[in-house]
Structure formats: structure tokens, C-alpha cells
Amino acid sequence: MKTIIITLSILILASPIYSQVQSDCEKSWGLEHYYKFDVAYLSFKRLYDIASSDTNKIIIPQMHQDSIWKGLAAIYNAFSIPQRDSIFDMYCVHNTMQYGSPLYPAIHVELDTTYEWTHNWLNDEIISGYAGLDSFISEYNYTIQQVYSSTNEVVINSDLPVNPNPIIDSLLLFDGIIDAYPSVVTSNGNKINYTKVGNNQFFDFTVAWGDCLSGCIYNHKWKFKVDYSNCIVEYIGLESNADEDFPIPINCNITSIENLDQSNNESIVVYPNPSSDLITIKSNNIIHVEVWSNFRLIKSCEYNKQDLINLDIRDLSSGLFIIKVKTETESLIRKFIKK
């Protein structure tokens, strides 16, 4: 396996720099689903870099995200450039969130237990009974990630790419919250860097490994340029300080997952989608159903030639899932989102 990985890496290192490639700047559902936090992070970082007043907003204004989405989509859609596959489908490069970055993944909250509502949070119940707080938390999709009963503290997290600084300022206005601050992440790792000069956007995608708790020993960086005005992509080279022991590819292969939805086959219906508790699967003579997430089997159920199935998904975490349905005559694949 190590020989294969090293050989693959040498081929990547030896690949020539490609000339300009005309691409498509329209983002697909797969890119948007898997990279929404990365684009949010890059947007916030850009706002801080240019000292924009929009850094005080909870939700990043869409106009600040759109240009980054266009550039990222251009690289994603440049299928003739082999290094594109390494980034999106093999090594699956995302930003590793760190304390000190403009976008934090979670917020640590210290509670005053003389207020009755705080006991709900300490019992892992996000609905506190404090109307104003519940409305605020619900608006930004926060849930309780961890409870520290001994110190009356909780960590809350959101599945939305929100700016935690004004969130924290707002939380501190509610009675019963003593303090709130970003939940610290100390490790380093993979990252995406973005800069813009005139019409040219520059994206660097880095795979990092080797003692990343102390800063990562090895870095392997693919560099791209996108002309924002005409959606032309250029692979401009590789920077790497590694010649062996490359990490095993994750092989998330989001391109293949995305292509599952290209079929117009109406012989199966899955609804409601998204859903938080039950999904209904309607087809002819269903005999087997599987639910998959990130290439891992989550559920497997046998049926006796049923045409209508109600599948309980309350035990699943929020996110995107693949459902594989086998009937007497065919196998069908659909996606659904658990809210």
C-alpha cells in the first residue's frame, strides 16, 4: 500500500503545469453541501483581511460568498485538470478549524444555575423555556454538543456557518449566562487559503500531516488561479516538503455521490425530504433498504415485497445520507437530508 501511495504521489508531483482551462462557475449541490463551511470561513477571513464592517454580522452577506463560490466551482468543474480530483475526491481538502480563526465551530457557555432554565441545558435539553433565548438559539440552529455538569457549563454548536463573535455578544445579554467564548481547537491540519488580486483569484489547497498537534511536519499544497471575469482556471503548481509516507487518501469521492442524482427515474419516491423523524419510501415490491453515510452502512432493513415503507430516522445525526432501495426488479439510489 505504501508503495502505491508513494507512486501516486510521485506522479502527482511530476504532473506538468496545465495551461488555462475554460470551466463552469456554477456550483453544484454536492459542492455547496460539502464546502459551505469552507466558503464561510474564507469569506469571513477575507472580510477581516480587508477590515470590512460586515465582520459584525452573524450571517455572512451572500455577496461576500458569491465570488468565492464562483472560483471554487470553477476549480471543481475543471475535470480535465487531474489535481482537481486529488483535492475534491481523493484527499477531500477542507479547512481545519482553529481557535483564533474568524469562524469557530462551537461556543462554550458558563451558566448561573440560580436561573431555572439553565437546568434544562445541563440536562442536555436545548429548549430551555426562556422564550427569548429559545427563539435566538432556534434561529441559528444551535444544539447542545457537550455538557459539563460538575462546572455548570455546556458547549453549543450550529450546523450553519455563522459568525460566533456577535452570537457570543448576544448570548451574554440573556439572564443566566455568566460567560461565553469559543470552544478551543488546538490542532492544525488541512487548509484552504484564498486571496484575490483584481480579477484573479488564488486558491491553495494543503494536505498536512505528521504531528499536527504541534503544527504538522509535512505539507503538500496544490495552487490554482481563477480568472473571475471569464471562469478560466489555471493549475499553477505544487509546493511540497514531503517525498514519502504520504497519508492514505480519504477517497470521499463527492463527484460520484453527486452523480447519483442525475437519473430521472421516477420508480421510487422518498419524502418528505428533508425530514427530522420519518421518511416514506414508495416503490414496487421493496425487499431491502440500506442507509449510508460517508461510505459507511448505517441501517439495513429487510421487507416482504412492500410498496410503502415508513423508515424511522430519529436516531440519525443531522446531515446528508444515501438510501439504497432494492426491489424485485432493480436497485435504486436516492439522497435525503436529516434535519
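Modeller: Rings of Phe, Tyr and Trp, for Trp the six-membered ring, count as a pair if their centres lie within 6.5 Å. The model is predicted, and a search of the whole structure finds 16 aromatic pairs by that rule.

Biologist: What makes Tyr-76 and Phe-79 an edge-to-face pair?

Modeller: Their ring centres are 6.2 Å apart and the planes meet at 65°. The cut-offs are within 6.5 Å for a pair and over 60 degrees for edge-to-face, so both conditions hold.

Biologist: Why is Tyr-76 called buried, and why is Phe-79 called partly exposed?

Modeller: Tyr-76 has 1% relative accessibility, and buried means under 20%, so Tyr-76 counts as buried. Phe-79 has a relative accessible area of 47%; exposed would need over 50%, and partly exposed is the range in between. Phe-79 is therefore partly exposed.

Biologist: How do you know that Phe-203 and Phe-205 are stacked?

Modeller: The centres lie 6.3 Å apart with 15° between the planes. Stacked requires under 30 degrees, so the pair of Phe-203 and Phe-205 qualifies. Phe-203 is buried at 0%, and Phe-205 is buried with 0% relative accessibility.

Biologist: Which residues form one aromatic cluster with Phe-203 and Phe-205?

Modeller: The other members are Tyr-35, Tyr-76, Phe-79, Phe-88, Tyr-194, Phe-224 and Tyr-235.

Biologist: What makes Lys-70 count as sitting over the ring of Tyr-228?

Modeller: The charged end of Lys-70 is 4.5 Å from the ring centre of Tyr-228, and the distance limit is within 6 Å. Lys-196 also lies over the face of Tyr-228, at 5.6 Å from the ring centre, so that value is within the limit too.

Biologist: How do you know that Cys-25 and Cys-231 form a disulfide?

Modeller: Their sulfur atoms are 2.1 Å apart, and the rule asks for a pair within 2.5 Å, so the link counts. The link is right-handed, with 115° about the S-S bond. Cys-25 is in the loop between strand S1 (21-22) and helix H2 (29-49), while Cys-231 is in the loop between strand S8 (218-227) and strand S9 (232-240); the two are 206 residues apart.

Biologist: Why is Cys-25 called buried?

Modeller: Cys-25 has 15% relative accessibility, and the limit is under 20%, so the label follows. Cys-231, at 8%, is buried as well.

Biologist: What makes the pair of Cys-92 and Cys-252 a link between separate parts of the sequence?

Modeller: The sulfur atoms of Cys-92 and Cys-252 are 2.2 Å apart and form a disulfide. Cys-92 lies in the loop between helix H4 (82-90) and strand S2 (106-111), and Cys-252 in the loop between S9 and helix H8 (254-259), so the pair ties together parts 160 residues apart in sequence. This link is left-handed, at -115° about the S-S bond.

Biologist: Why does the link of Cys-212 and Cys-216 count as a disulfide?

Modeller: The sulfur atoms are 2.0 Å apart, so the pair meets the 2.5 Å cut-off. The link is right-handed, with 120° about the S-S bond. Cys-212 is buried at 17%, and Cys-216 is buried at 13%. The count comes to 3 disulfides, and with the bonded cysteines numbered in sequence order the pairing is 1-5, 2-6, 3-4.

Biologist: Why is Cys-301 called partly exposed?

Modeller: Cys-301 has 21% relative accessibility. Buried would need under 20% and exposed over 50%, so Cys-301 falls in between.

Note on methods:
Residues are numbered from 1 along each chain as its sequence is written. This is a predicted model: local features need pLDDT of at least 70, side-chain atom pairs count only at pLDDT 80 or more; totals for chains, interfaces and linings use all residues. Side-chain values use heavy atoms; hydrogens and water are left out. Helices (H or I, at least four residues) and strands (E, at least two) are DSSP runs, numbered from the N terminus. Buried means under 20% relative accessible area, exposed over 50%, partly exposed in between (1.4 Å probe, protein chains only). A charge sits over a ring if NZ of Lys or CZ of Arg is within 6 Å of the ring centre and within 35 degrees of the ring normal.
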